[in-house]
Amino acid sequence: MNVRAYILDHIFGDLVEARVREATLAEEDRHWRSLSQAAGARDVSYRELLDSINDSAEAYRVNPVAYRLVELTTDYVLGKGMALKADQEAVQGFVDAFWQANRMDVRQFELCTELSLSGELFVTFHTSPFDGMTLIRCIPAAAVDRVETNPEDVEDERRYHRAGAVANTVEGIEWSGAPEGGLDGRWWTREECRHYTVNRLLGAVRGQGDLVPLLPWLRRYKDWLTDRVRINKFKGAFLWDVKLTGAGERAILARQAQLVEPPNPGSVIVHNEKEEWKAVQPAIDAQAVEPDGYAIRLMLAAGAGVPLHFVGEGSSANWATAREMREPTLRHYQRRQLYFGWMMADIVGEAIRRSGRFKGAEVQIEPQFGELSADDRQQAAKTASAVSQALGLAQERGWIGQAEARAMFQRFCGAPLGFMGRADGG
């Protein structure tokens, strides 16, 4: 074998093999286009989606900043928990039974966290033929590799395919269990499964987790902190340089054997003029880099839509600026709250339809949340008082009727989105 062949086979071959092992699924798909993907489609490939979901989950598990940002969303959106209120007593009884059967007092927090991490939820419905009660379960978003839609309408979703079991590791994908359908997987129809998404672009089918835009900066901040810790650790490190004047190799080795254990700090070292001791420290120029870390944290805070004092950096704002910076963040949480409330009402509405108990009846369900802050509670009380007085005066003078007054009161007091429709799906 000549030198050129040896280099190609042993050196470059090893480098390529190592790079392939480290490559992510998204990198493997780069510069390739799916034959089935329509022109102008805005969804990423399944491999890229899988990478982003797995990376977000890993960041949530091990990165304190990522964990706190996701938990902040759950804490503010749900607070102590949400509830659903129906306009009829019989319907409310079914809603309460559904809530208890599905442990929604606890499950709602899990659903909100998963929605933030994966950007979507695939909720399946399982209805008992005996009492008509429906239990819900969720398919992990990473396990759904295909969403089939109407070719003419991307919002008209027809069915969802859960990837099959993989016996061995194939292209970096591993499934811990064997889902229903075996190696071929299983299709779920829209009658069996509902798909809910956040951060979805117009024209796209799949959602996107809240941490996806932050992942590169989370990695950079982690690397930056790790480097600073290492620098500070070794900046104060030192070793002893012992010089023996005129000593031969045998004498040096003998003295080295005697000094296997270095002297303890504060101990006394005694030697003659032929031996010289000197402490050597690394020349690490650890400059002040606080602005660098602050800039990365600002990027993370901007991407998450929260001010820095929300993640524990209280020195970045005083009381007045903190109040002003809070408003955009609360608006963001309120928007997520509206979507989550509509989603929960839609799920319960589907359970009511499946039960068959209220056929032909008009059912209205509204989500109820706590206020995002104590100030909001006070402001809501003042607004409700002022609006009720004004509407009462308008009714007395005959300007509006009771139905109009009720609708205006709900609009001005911020009635959340809910479920309204016939119990039989009409």
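Among contacts in the protein chain between residues at least 6 apart in sequence, what percentage join residues at least 24 apart? The figure is 69%, where a contact means heavy atoms within 4.5 Å. Keep that in mind as you click through the tour.

**Before you start**

This is a predicted model, in which local features need pLDDT of at least 70 and side-chain atom pairs count only at pLDDT 80 or more, while totals for chains, interfaces and linings use all residues. Residues are numbered from 1 along each chain as its sequence is written, and side-chain values use heavy atoms, with hydrogens and water left out.

**The whole chain**

Show the protein chain as a cartoon, and you have 12 helices and 11 strands to look at. These are DSSP runs numbered from the N terminus (helices are H or I with at least four residues, strands are E with at least two). Switch on a surface next: the accessible surface of the protein chain is about 26900 Å², and 53% of that belongs to carbon and sulfur atoms. Such areas come from the Shrake-Rupley method with a 1.4 Å probe, and for residues only the protein chains shown count as cover. Of the 426 residues in the protein chain, 32% are buried. Here buried means under 20% relative accessible area, exposed means over 50%, and partly exposed lies in between (1.4 Å probe, protein chains only).

**Stop 1: the sheet E3-E2-E7**

Select strand E3 (134-139), strand E2 (residues 120-127) and strand E7 (residues 193-197). They form an open sheet in the order E3-E2-E7, with antiparallel pairing; two strands pair if DSSP finds at least two bridges between them. E3 and E7 are at the edges with a single partner strand each, so one side of each has no neighbour in the sheet. From one strand to the next the twist averages 30 degrees. Angles like this run from 0 to 180 degrees between N-to-C directions, using axes that are lines fitted to C-alpha atoms, for helices over the stretch in contact.

Zoom in on E2 and E7, which are joined by five bridges. Thr124 is the residue to pick, standing opposite Cys193 in E7. Now add helix H6 (residues 104-118), which lies across E2, E3 and E7 and runs at about 145 degrees to E2.

**Stop 2: the sheet E4-E5-E6**

Another open sheet of three strands has the order E4-E5-E6, again with antiparallel pairing. Its edge strands, E4 (144-150) and E6 (186-189), each pair on one side only. The twist here averages 40 degrees from one strand to the next. Strand E5 (residues 153-162) pairs with E6 over four bridges.

Which residue in E6 does Arg159 stand opposite? Select Thr189 to find out: that is the residue across from Arg159. Then show the side chain of Arg159, whose charged end sits over the ring of Trp187, 3.9 Å from its centre. The rule for this is NZ of Lys or CZ of Arg within 6 Å of the ring centre and within 35 degrees of the ring normal. For another such case, go to Arg220, with its charged end over the ring of Trp217 at 4.5 Å from the centre.

**Stop 3: the aromatic rings**

Rings of Phe, Tyr and Trp (its six-membered ring) pair if their centres lie within 6.5 Å, with planes under 30 degrees apart counted as stacked, over 60 as edge-to-face and the rest as tilted. By this rule there are eight aromatic pairs. One of them is Tyr196 with Trp342, edge-to-face at 5.8 Å centre to centre with 75 degrees between the planes. Because Tyr196 lies in strand E7 and Trp342 in helix H10 (residues 319-355), the pair ties together parts that are 146 residues apart in sequence. Tyr196 is buried at 1% relative accessible area, whereas Trp342 is partly exposed at 32%. Add Tyr339 to the selection to see a cluster of Tyr196, Tyr339 and Trp342 linked by ring pairs.

**Stop 4: Gln337**

Stay in helix H10 and select Gln337. Buried or exposed, with its relative accessible area of 11%? Gln337 is buried. Leaving aside residues up to four places away in sequence, Gln337 touches Tyr76, Val77, Phe369, Gly370 and Leu372.

**Stop 5: two loop residues**

Most residues other than glycine have a negative phi. Arg103, not a glycine, has a positive phi of about 50 degrees, and is found in the loop between helix H5 (89-101) and H6. Finish at Asn199, in the loop between E7 and H7, where phi is positive at about 55 degrees.
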